[in-house]
Amino acid sequence: MKIQFQIPGRPIPKQSARIGKHGGYQPHRVVDYCNKVRFHCSQAVEGGLWDKTEGAVRVSLTFDFAWPSSTRKAVRSTTGPRIKRPDLENLAKAVIDGCDSLWIDDAQVSELEVVKRNVPIGQEGVTVEVTAV
């Protein structure tokens, strides 16, 4: 079994929970992004190509960010590795937590491939590929 889908827009990393006077919480932008991931994941599942699995899964994530505006124009039309923030593990955490309709527990992710790169403006987003192992 294999499923692949896109999440358009700038990827948002999952942050550590904040502590307020009423307990712990996540910032609204992080919660909104996890809901966006959930939506696109459920849309992909509706195609009938994936059933919630109990076994191990392999997840491949490609995070695409727009080049910074300070980058030379000749470079901005290409694709290249991104060495700036946000951290890979926080990006992956946000997507894996949002893909809870693909598996019972995110501990089932036994293999994880994560790529972070710069792309031309307008092509930002995340490509998610999940394969049953």
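Begin by selecting helix α3 (residues 88-98) in this predicted model: α3 lies across β4, β6 and β7, and its direction runs at about 115° to that of β6. Colour the buried residues of α3, which are L91, A92, A94, V95, I96 and G98, and then display their surroundings, where these buried residues pack against α1, β4, β6 and β7.

**The sheet beneath the helix**

Next, select the strands and follow them across the open sheet, which has 5 strands in the order β1-β7-β4-β6-β5 and mixed pairing. At the edges stand β1 (2-8) and β5 (80-81), each of which has a single partner strand, so that one side of each is left without a neighbour in the sheet. Helix α1 (residues 28-45) also packs on the sheet, where α1 touches β1 and β7 and makes an angle of about 140° with the direction of β1.

**The two helices together**

Keep α1 in view and bring back α3: these helices pack at an angle of about 50°, and their axes are 8 Å apart. Because angles under 35 degrees count as roughly parallel and those from 65 to 115 as roughly perpendicular, this arrangement makes α1 oblique to α3. The crossing in which α1 passes α3 is right-handed. To see the residues that meet here, show Y33, C34, V37, R38 and C41 on the α1 side, together with A94, V95, D97 and G98 on the α3 side.

**Strand β4 and its two neighbours**

Now select β4 (residues 57-66), a mostly covered strand in which 9 of the 10 residues are buried. Which strand runs parallel to β4, and how many bridges join them? The parallel partner is β6 (residues 109-119), which is joined to β4 by 10 bridges; as an example to display, L61 has V114 as its bridge partner in β6. With β7, by contrast, β4 pairs in the antiparallel sense, over 8 bridges. Two positions let you trace this second pairing from residue to residue, for V57 stands opposite A132 in β7, while T62 stands opposite T127 in β7.

**T127, in strand β7**

Centre the view on T127, which is found in strand β7 (residues 125-132). Is T127 buried or exposed? With a relative accessibility of 16%, T127 counts as buried, because the cut-off for that class is under 20%. Leaving aside residues up to four places away in sequence, the residues that T127 touches are Q4, F5, Q6, S60, L61 and T62. One of these, Q6, deserves a distance label, since a polar contact of 2.5 Å joins the side chain of Q6 to that of T127.

**E111, in strand β6**

For the final stop, move to E111, which is found in strand β6. E111 is partly exposed, at a relative accessible area of 36%, because that class lies between the 20% and 50% limits. When residues up to four places away in sequence are set aside, E111 touches V57, R58, V59 and V133. Show the side chains of E111 and R58 as sticks, and you will find a polar contact of 3.5 Å joining them. Finally, draw a line from the C-alpha atom of E111 to that of A132: these atoms are separated by 10 Å, and the residues lie 21 residues apart along the chain. A132 has already appeared on this tour, as the residue of β7 that stands opposite V57, and V57 is in turn among the residues that E111 touches.

Technical notes:
Residues are numbered from 1 along each chain as its sequence is written. This is a predicted model: local features need pLDDT of at least 70, side-chain atom pairs count only at pLDDT 80 or more; totals for chains, interfaces and linings use all residues. Side-chain values use heavy atoms; hydrogens and water are left out. Helices (H or I, at least four residues) and strands (E, at least two) are DSSP runs, numbered from the N terminus. Buried means under 20% relative accessible area, exposed over 50%, partly exposed in between (1.4 Å probe, protein chains only). A polar contact is a pair of N or O atoms within 3.5 Å; within protein, one must be able to donate a hydrogen and the other to accept it, and residues adjacent in sequence count only if both atoms are side-chain atoms. Contact means heavy atoms within 4.5 Å. Two strands pair if DSSP finds at least two bridges between them. Axes are lines fitted to C-alpha atoms, for helices over the stretch in contact, and angles run from 0 to 180 degrees between N-to-C directions. Angles under 35 degrees count as roughly parallel, over 145 as roughly antiparallel, 65 to 115 as roughly perpendicular and the rest as oblique. A crossing is left-handed if the near helix is turned anticlockwise from the far one by less than a right angle, and right-handed if clockwise.
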